[in-house]
Amino acid sequence: MKYYIKTFGCQMNVYDSGRIAGILQSLGCKEASGIRDADLVIFNTCHIREKAAEKVFSDLGRLNIIREERAAEGKETIIGVVGCVVQAEDEQIWKRAPFVDFAVGPLVYHRLPEIIAKVKRKRGNFIIDTDFPVETKFDFLPENNSSGACSFLAVQEGCDNFCTYCVVPYTRGAEYSRPVEDVLKEARRLVENGSLELNLLGQNVNSYHGEDKNGKERNLAFLLRRLAEIDGLRRIRYTTSYPADMDDELIECHHDLDKLMPYLHLPVQSGSDKILKSMNRRHTSGDYLRIVEKLYKANPKLKMSSDFIVGFPGETDADFQATLELVNQVKYIQAFSFKYSRRPGTPAAVMNGQIEEKIKKERLEILQKLLFDWQNKFNQSCIGQIMPVLFEHKGRHAGQLIGRTPYMQNLHAEVGTENLNHIINIKITAATVNSLSGTPEI
Ligand code: 5AD
Ligand code: SF4
């Protein structure tokens, strides 16, 4: 059987898709060259905003056409939907896409072999599993054998914060931290397979509290220090962090650990204390700025990125201005910004003071312009600097490679394909808002 996995949403989904591919390979499946070539198609889905979820259903409609075309050629296609849409929509998926064979929530991927076997036995029956199981999938998944210079590594999953706009506590369940030794084992394996960079993932990664060998709870700072000891590992990142969990021990790591990249994604969401309170965030804008100040002190080279939501219920012009002011204080070098999207079942969906679409759109445009200005300013300031770049992909032109700087900027350079999956010092010669280019510095 040949499989094809399409991934929507966040980095955790990218990681999960890799693990699902591992399960399928352990069953003897091979990766298909494209969606039309696949006997098993899996959509790994996202429910964070309405747009993300609707995209899944429109793509499923297109997939059904492919399924029918293949059926006309006498080929069967098994269709599976996994991930956050399954957890949120449950059997509704089947109502909107009756041709789907199975649906599996994010916490039970380890049951896929059983589910796929069942589907093969009894075609035509919809199989759904949206359990929040007592066992953890991590104990049952085959070893993570992904290769590549940059790898994701899930260390924590789920969220107990219950921000009032967010589906994650409902789709990914309560916080769970993987044991320290399990993380270290997977990290060593990834490094042996060629990873130079590890990006530790968790919906609330800095609340990590995994058990060590002796059953003692350890925090993310401890885990980072242990990971930094791995020979051959050159770069460590972690994402996504929650401001209130940014403790001093973790901030110290940004001073002490050279392998920890000088770039931190720390979503603030809004600059208005009134809106932050209504979002049920456990920080004020002042708290956030104090944390950023400590981080900048711990590592003066560190730069920040964030997520923002505009048009949250009750957001006035003054609240929005407070967000713009905070952007100017922190000087983010990258950010993701969104219009508030009402998610069924979340507290904010039924709050008074919902903001009309036109205002959300205007505010998003203003915010994005400001964010792009800061991003561009930083990129321009890099011209003339020498930065170590990890080259991960081939570029469009012969001999051109694309890599990432310590600050996650994309960089193109003519360095020769022998430097793929290597870190090379590059002198930055040009910059746009979205990427840099440069030449090797010998
Ligand atoms: N509407 C808009 N943006 C949202 N996010 C999460 N939930 C919503 C929502 N209902 C954004 C937050 C979060 C990022 C992953 O997605 O900014 O940090
Ligand atoms: Fe989307 Fe959140 Fe699920 Fe990631 S965890 S796929 S962002 S809903």
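Which residue in β15 is the bridge partner of His265? Select His265 and look across to β15: the partner is Ser305. Keep in mind throughout that this is a predicted model.

**Stop 1: the three-stranded sheet**

Stay with those two residues and widen the selection. β14 and β15 run parallel, joined by three bridges. Add β16 and you have an open sheet of three strands, in the order β14-β15-β16, with parallel pairing. Colour β14 (263-265) and β16 as the edge strands; each of them pairs on one side only. Look along the sheet for the twist, which averages 10° from one strand to the next.

Now show residues 285-298. This is helix α11, packed on the sheet. The helix touches β14 and β15. Its direction makes about 160° with that of β15.

**Stop 2: ligand 1**

Keep β15 and β16 on screen. β15 (303-310) and β16 (334-339) each supply at least two residues of the shell around ligand 1. Select the whole shell: Ile48, Arg49, Tyr165, Gln269, Asp307, Ile309, Phe338, Lys339, Tyr340, Ser341 and Arg343. Colour by class and the shell divides into five nonpolar, two polar and four charged residues.

Next, check three polar distances.

- Arg49: an N or O atom of its side chain is 2.8 Å from an oxygen atom of ligand 1.
- Gln269: here a side-chain N or O atom is 2.7 Å from an oxygen atom of the ligand.
- Ser341: switch on the backbone, where an N or O atom lies 2.8 Å from a nitrogen atom of ligand 1.

Then show the surface. Taken alone, ligand 1 exposes 400 Å², and the protein buries 87% of that.

**Stop 3: ligand 2**

Move on to ligand 2. Select Cys10, Asn13, Thr45, Cys46, His47, Ile48, Cys84, Val167, Val168, Arg172 and Gln203, the residues around it. By class, this shell has six nonpolar, four polar and one charged residues. Pick out Ile48 here: it is listed around ligand 1 and around ligand 2.

**Stop 4: the six-stranded sheet**

Which strands stand at the edges of the next sheet? Select β1 through β6 to find out. They form an open sheet with parallel pairing, in the order β2-β1-β3-β4-β5-β6. β2 (30-31) and β6 (127-129) stand at the edges; each has a single partner strand, so one side of each is left without a neighbour in the sheet.

Zoom in on β1 (residues 2-7) and β3 (residues 40-45). These two pair in the parallel sense over five bridges. Label Tyr3, then find Leu40 of β3 standing opposite.

Two helices come next. Show α1 (residues 11-26), which packs on the sheet and touches β1, β3 and β4 (78-83). The direction of α1 makes about 170° with that of β1. Then show α5 (residues 112-121), also packed on the sheet. Its contacts are with β3, β4, β5 (102-104) and β6. The α5 direction makes about 170° with that of β5.

**Stop 5: two hairpins**

Jump to residues 386-394, strand β17, and residues 400-404, strand β18. They pair in the antiparallel sense over four bridges. Leu390 stands opposite Arg404 in β18. Follow the chain through the five residues between the strands; Gly399 takes a positive phi near 80° in this hairpin.

Keep β18 and add β19 (residues 410-414). This pair is antiparallel as well, over five bridges. Select Gly403 and look opposite: Leu411 in β19 is there. β18 and β19 form a hairpin with five residues between them. In its turn, Met408 has a positive phi of about 70°.

**Stop 6: two backbone details**

Finish with the loops. Where does the chain hold a cis peptide bond? Go from Thr239 to Thr240, where omega is near 5°. Thr240 is found in the loop between β13 (235-239) and α9 (248-256).

Last, select Asp90. This residue is not a glycine, yet has a positive phi of about 50°. Asp90 is found in the loop between α3 (84-89) and α4 (92-96).

Terms used: Residues numbered from 1 in each chain as written. Chains lettered and ligands numbered in written order. Heavy atoms only, no water. Pairing = 2+ DSSP bridges. Contact = heavy atoms within 4.5 Å. Axes fitted to C-alpha atoms, helices over the stretch in contact; angles between N-to-C directions. Near = heavy atom within 4 Å. Polar contact = N/O pair within 3.5 Å; in protein donor to acceptor, adjacent residues only side chain to side chain. Areas by Shrake-Rupley, 256 points an atom, 1.4 Å probe, with all protein chains shown as cover. Nonpolar A, V, L, I, M, F, W, Y, C, P; charged D, E, K, R; others polar.
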